[in-house]
Amino acid sequence: MTAKEVLKFAKEKNARMVNLKFLDFIGIWQHFTIPISELSEDIFEAGLGFDGSSIRGWQPIHASDMLVIPDPTTAVIDPFSETTTLSLICNIIDPITREPYSRDPRNIAQKAEAYLKSTGIGDTAYFGPEPEFFIFDDIRFGQGANEGFYFIDSVEGIWNSGRDEGPNLGYKPKHKEGYFPVPPTDTQEDIRSEMCLIMEQVGIQIERQHHEVATAGQAEIDMRFDSLLKMGDKLMWFKYIVKNVARRWRKTATFMPKPIFGDNGSGMHVHQSIWKGGKPLFAGSEYGGMSKLAMYYIGGILKHAKALNALCNPGTNSYRRLVPGFEAPINLAYSSRNRSASIRIPMYSPSPKAKRIEVRFPDPSCNGYLAFAAMLMAGLDGIQNKIDPGQPLDKDIYGLSPEELKHVPSAAGSLEEALNALKADHEFLLKGDVFTKDVIETWIEYKKEKENDPVRLRPVPHEFYLYFDC
């Protein structure tokens, strides 16, 4: 839609308010709302001001003024507002230079798409993430100088098999056995279906939904692939809808990668491919029916994987998932069909249009715009430098002997290791000014000071079990 068409659309829908959404540096949607009477065509060019110093990782207080510029192509009616509200996703602009703000994740995604075109390699990068999440009935947590705790509960949790529920009806998925029984064991079929229907209202094409492998309400909803920027927008809507539908059902949803000990965490496998002139470039006669270009793309992802972890697995909790034994793709290898490899070549269809790779180490706590852009840049670096991915690994990685496994590199084992890898290996991200040095430095500094260090400095409950009597 154009700006004029947005105003017409709002009038047809009898919208009374306008919600302006934008993303903070870390990856959480922010917003403010104006009456529909304040929306004019001029705003789509002039923008609206706000305080950028109050947004995580953004401006200092002495340079706080920023502008939001609504993107008219993102106009939809917000599905959760009682008052009919037009929703617009915005870009962030510096009010002095009128340049896109370098720390705006959506701007980084746009620059990644532009850089792809500038290389002549392709004109469109498609991404298809598969975000997993948990739907809980109760969550409590706290931290003080003398205490720290969390408590999770779910009517589906196998730990409640002996609870007096007046009556307890059983049918609770066992650890690692939630993939995917029919009701009554799966109690959340209708919740996920409602999520899917609302996603379709805002333009997200849904392919399937199902219970995931963990106990206690782990779920997955799969979206049809789309171009990088559009999929970044859709992932934000996805999270927004999942959380708000769960709340309607008096439940809570989380994309935290590893909220439950002893069971599978939530990943976000990301399917991706490059096209040019409407033709897929990943199909060919190499291993798994892939093209040489696709193999080099894989080589780039594997070479830069530890640096990518800092953006694709951006929290300390991400590395509670990236450990052996829980189907987590920690080993940096590729294979067709083999889901224990960090990169899989899906073999569902022989069609050239279906040829893609699936990068399996990202998780849904990431900022999608940054993660997708970073993976694209790593893959393009692989193509440009003809990085050989080596031989495929078609064995069950978890069944390899220590002698065999020592030759297979691993993903980062902690957020600190990932951030150090990004500090040492980020030149590939700077091409085309997609990521800037300021963005990389700010990301590393923020993550270390605001996330890694606070977790590192605090005792955790299990340490009392291990060490109190030492």
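# Exercises on a predicted model

With a relative accessibility of 22%, Y240 counts as partly exposed. The structure is a predicted model, and the exercises below start from this residue.

**Exercise 1.** Find out which kind of aromatic pair W237 and Y240 form, and where in the fold both residues lie.

*Solution.* Begin with the general point that a pair of aromatic rings is described by the distance of the centres and the angle of the planes. For W237 and Y240 the ring centres are 5.4 Å apart and the planes stand at 80°. Planes over 60 degrees apart count as edge-to-face, so the pair of W237 and Y240 is edge-to-face. Both residues belong to helix α5, where they are three residues apart, about one turn of the helix. As for accessibility, W237 has a value of 4% and therefore counts as buried, while Y240 at 22% is partly exposed.

**Exercise 2.** Work out which kind of pair F80 makes with Y240, and which parts of the chain this pair ties together.

*Solution.* By the distance rule, the count in this model comes to 19 aromatic pairs. In the pair of F80 and Y240 the centres are 5.6 Å apart and the planes are at 80°, so this pair is edge-to-face. Next, look at the places of the two residues: F80 is in the loop between β5 (76-77) and β6 (85-93), whereas Y240 is in helix α5 (residues 228-248), so the pair ties together parts that are 160 residues apart in sequence. Finally, F80 has a relative accessible area of 18%, and because buried means under 20%, F80 is buried.

**Exercise 3.** Determine which charged residues lie over the rings of Y240 and F255, and name the residues of one aromatic cluster.

*Solution.* Over the face of Y240 lies K21, at 5.1 Å from the ring centre. In the case of F255, the charged end of K239 sits over the ring, 5.6 Å from its centre. One aromatic cluster is formed by F22, F50, W58 and Y101.

**Exercise 4.** Locate the cis peptide bond that joins Y179 to its partner and the one that joins P183 to its partner, and describe the backbone of R250 and K386.

*Solution.* Keep in mind that most residues other than glycine have a negative phi, and that most peptide bonds are trans. A cis bond joins Y179 and F180, with omega about -25°, and a cis bond also joins P183 and P184, with omega about 15°. F180 is in the loop between β9 (148-153) and α4 (189-201), and P184 has its place in the loop between β9 and α4 as well. R250, which is not a glycine, has a positive phi of about 60°; R250 lies in the loop between α5 and β13 (252-254) and counts as exposed at 74% relative accessibility. For K386, phi is near 50°, again a positive value in a residue other than glycine. K386 is in the loop between α9 (368-384) and α10 (402-405), and at 59% relative accessibility K386 counts as exposed.

**Exercise 5.** Describe the second largest pocket by its volume, its lining and the strands that supply it.

*Solution.* The space in the second largest pocket is about 950 Å³. Of the 40 residues that line this pocket, E130, E220, D222, H271 and E358 are the closest to its centre. Sorted by kind, the lining holds 13 nonpolar, 10 polar and 17 charged residues. At least two lining residues come from each of β7 (124-136), β10 (206-211), β11 (218-223) and β14 (268-276), and β7 gives the largest share, six residues.

How values were computed:
Residues numbered from 1 in each chain as written. Predicted model: local features only at pLDDT ≥ 70, side-chain atom pairs only at ≥ 80, totals over all residues. Heavy atoms only, no water. 1 Å grid on protein atoms, 1.4 Å probe; cavity = no way out; pocket = protein on both sides within 12 Å on 5 of 7 lines; lining within 4 Å. Points joined across faces, edges and corners; volume = space filled by probe spheres on them. Helix = DSSP H or I, 4+ residues; strand = E, 2+ residues; numbered from the N terminus. Nonpolar A, V, L, I, M, F, W, Y, C, P; charged D, E, K, R; others polar. Phe/Tyr/Trp six-rings, centres within 6.5 Å; stacked < 30°, edge-to-face > 60°. Buried < 20%, exposed > 50% of the residue type's maximum accessible area, 1.4 Å probe, protein only. Lys NZ or Arg CZ within 6 Å of the ring centre and 35° of its normal.
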